[in-house]
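Student: I have a model open and would like to learn how to read it. Where should I begin?

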Amino acid sequence: MSHLIEWLTASQGYFQNLGWWGVLAFGAVIMVVQLVLVPVAPLGIASGMMFGLGKGMLAVTLGTALGMTLNFLLARHVARAALAHRLQRSEKFRLIDVAIGREGWRIVALLRFVPMPFGIANFCYGLTAIPFWPYLFASMAAIIPSNFFFVWFGASAHESLQSLVGGGRPRQPFEYVMLVVGLAATFAALTYISRIARAAVANHGTGTETVVAPAE
């Protein structure tokens, strides 16, 4: 993780100088990073710091969409046998598998609020019975709040830093208060939804059957 942060710091100017191509390139970086199961939250924050809220959200949305698509398809069509052999021994995966088999995209959407490595989650969903398009649309809609939070945090932190060192417009005290309140409210909301998601999986995972997607 420390190497990733060092690389992000060193390459910030490079991506910014590329303009819109830099936004697209950073989205590709996010896709690759999650593929090797590295947490993507630091990349979301870095995206906001590099590009601001609008372009930062575009980069993160593009990267996460490509990443969840690639991992899902790899799990379902390429590495299914090896992954299924490892994950079927996991009680947590069995509960998720059963819950998704009963509720489909609703459980996938809820589980996106549970703290779980993004890349690993995408591989897991590829082994369940959920069809690709419901999985993709539910995932894309559900990760908007967390993506927005990380990008907004990065953009706000960058603006605050600029103000402290004399760049950009001076920020008023109430803006810092609103920043803290916003961070606290977002964290509380995500924590609450995470609890709901875990309870939903537990309630739907009381059976013994599994519904792993058939080989295609």
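The dialogue below goes from the whole chain to single residues.

Tutor: Keep in mind that this is a predicted model. Begin with the secondary structure, then look at burial and contacts.

Student: How many helices and strands does the chain have?

Tutor: The chain has 10 helices and 0 strands. Along the sequence the pattern reads α-α-α-α-α-α-α-α-α-α.

Student: What share of the residues in the chain is buried?

Tutor: A residue counts as buried when its relative accessible area is under 20%. By that cut-off, 41% of the 216 residues in the chain are buried. The accessible surface of the chain is about 11400 Å², and carbon and sulfur atoms hold 70% of that surface.

Student: What share of the contacts joins residues 24 or more positions apart?

Tutor: Counting contacts in the chain with a separation of 6 or more, 81% are between residues 24 or more positions apart.

Student: Take one helix. How does the reach of helix 2 agree with the expected value?

Tutor: Helix 2 covers residues 20–35, which is 16 residues. From first C-alpha to last, helix 2 reaches 23 Å, close to the 22 Å expected at 1.5 Å a residue.

Student: Which residues of helix 2 are buried?

Tutor: They are G22, V23, F26, G27, V29, I30, V33 and Q34. Viewed down the helix axis, the buried residues of helix 2 sit within an arc of 155°, so they line one face of the helix. W20 and W21, on the other side of helix 2, are exposed.

Student: Which residues make the nonpolar surface patch?

Tutor: Y14, L18, W21 and L24 make this patch, with an area of about 470 Å². Of these residues, L24 belongs to helix 2 and is partly exposed, at 40% relative accessible area.

Student: What comes after helix 2, and what is the sign of its phi?

Tutor: For backbone angles, the general idea is that most residues other than glycine have a negative phi. Here, helix 2 is followed by L37, which has a positive phi. The value for L37 is about 70°, although L37 is not a glycine. L37 is in the loop between helix 2 and helix 3, and with a relative accessible area of 41% it is partly exposed.

Student: Is V60 buried or exposed?

Tutor: V60, in helix 3, is buried, with a relative accessible area of 4%. To see what surrounds such a residue, leave out its sequence neighbours and list what remains. With residues up to four places away set aside, V60 touches I30, G44, S47, N147 and V151. V60 and G27 are 33 residues apart in sequence, yet their C-alpha atoms are 5.9 Å apart in space. G27 is one of the buried residues of helix 2, and so is I30.

Student: Which residues is N147 in contact with?

Tutor: Apart from neighbours within four places in sequence, N147 is in contact with M57, V60 and T64. N147 is found in helix 9, residues 144–164. At 11% relative accessible area, N147 is buried.

Student: Why is helix 7 described as largely enclosed by the rest of the structure?

Tutor: Compare the buried count with the length of the helix. In helix 7, residues 118–126, 8 of the 9 residues are buried, so the helix is largely enclosed by the rest of the structure. The buried ones are F118, G119, A121, N122, F123, C124, Y125 and G126.

Student: How far apart in space are V98 and T128?

Tutor: For such pairs, set the separation along the chain beside the C-alpha distance. V98 and T128 are 30 residues apart along the chain, and their C-alpha atoms are separated by 8.6 Å. V98 is in helix 5, residues 91–103, and is buried at 2% relative accessible area.

Student: What are the separations for L111 and I143, and for P134 and G104?

Tutor: L111 and I143 are 32 residues apart along the chain, with 9.9 Å between their C-alpha atoms. L111 lies in helix 6, residues 105–111, and counts as buried at 5% relative accessibility. P134 and G104 are 30 residues apart in sequence and 7.9 Å apart, C-alpha to C-alpha. P134 is in helix 8, residues 132–142, and counts as partly exposed at 31% relative accessibility.

Conventions:
Residues are numbered from 1 along each chain as its sequence is written. This is a predicted model: local features need pLDDT of at least 70, side-chain atom pairs count only at pLDDT 80 or more; totals for chains, interfaces and linings use all residues. Side-chain values use heavy atoms; hydrogens and water are left out. Helices (H or I, at least four residues) and strands (E, at least two) are DSSP runs, numbered from the N terminus. The expected span of a helix is 1.5 Å times one less than its number of residues. Buried means under 20% relative accessible area, exposed over 50%, partly exposed in between (1.4 Å probe, protein chains only). The arc is that of the directions from the helix axis to the C-beta atoms. Patches are made of residues with over 30% relative accessible area and no salt bridge: like charges are joined within 9 Å, nonpolar side chains (Val, Leu, Ile, Met, Phe, Trp, Tyr) within 5 Å. Accessible areas come from the Shrake-Rupley method with a 1.4 Å probe; for residues, only the protein chains shown count as cover. A salt bridge is a side-chain nitrogen of Lys or Arg within 4 Å of a carboxyl oxygen of Asp or Glu. Contact means heavy atoms within 4.5 Å.
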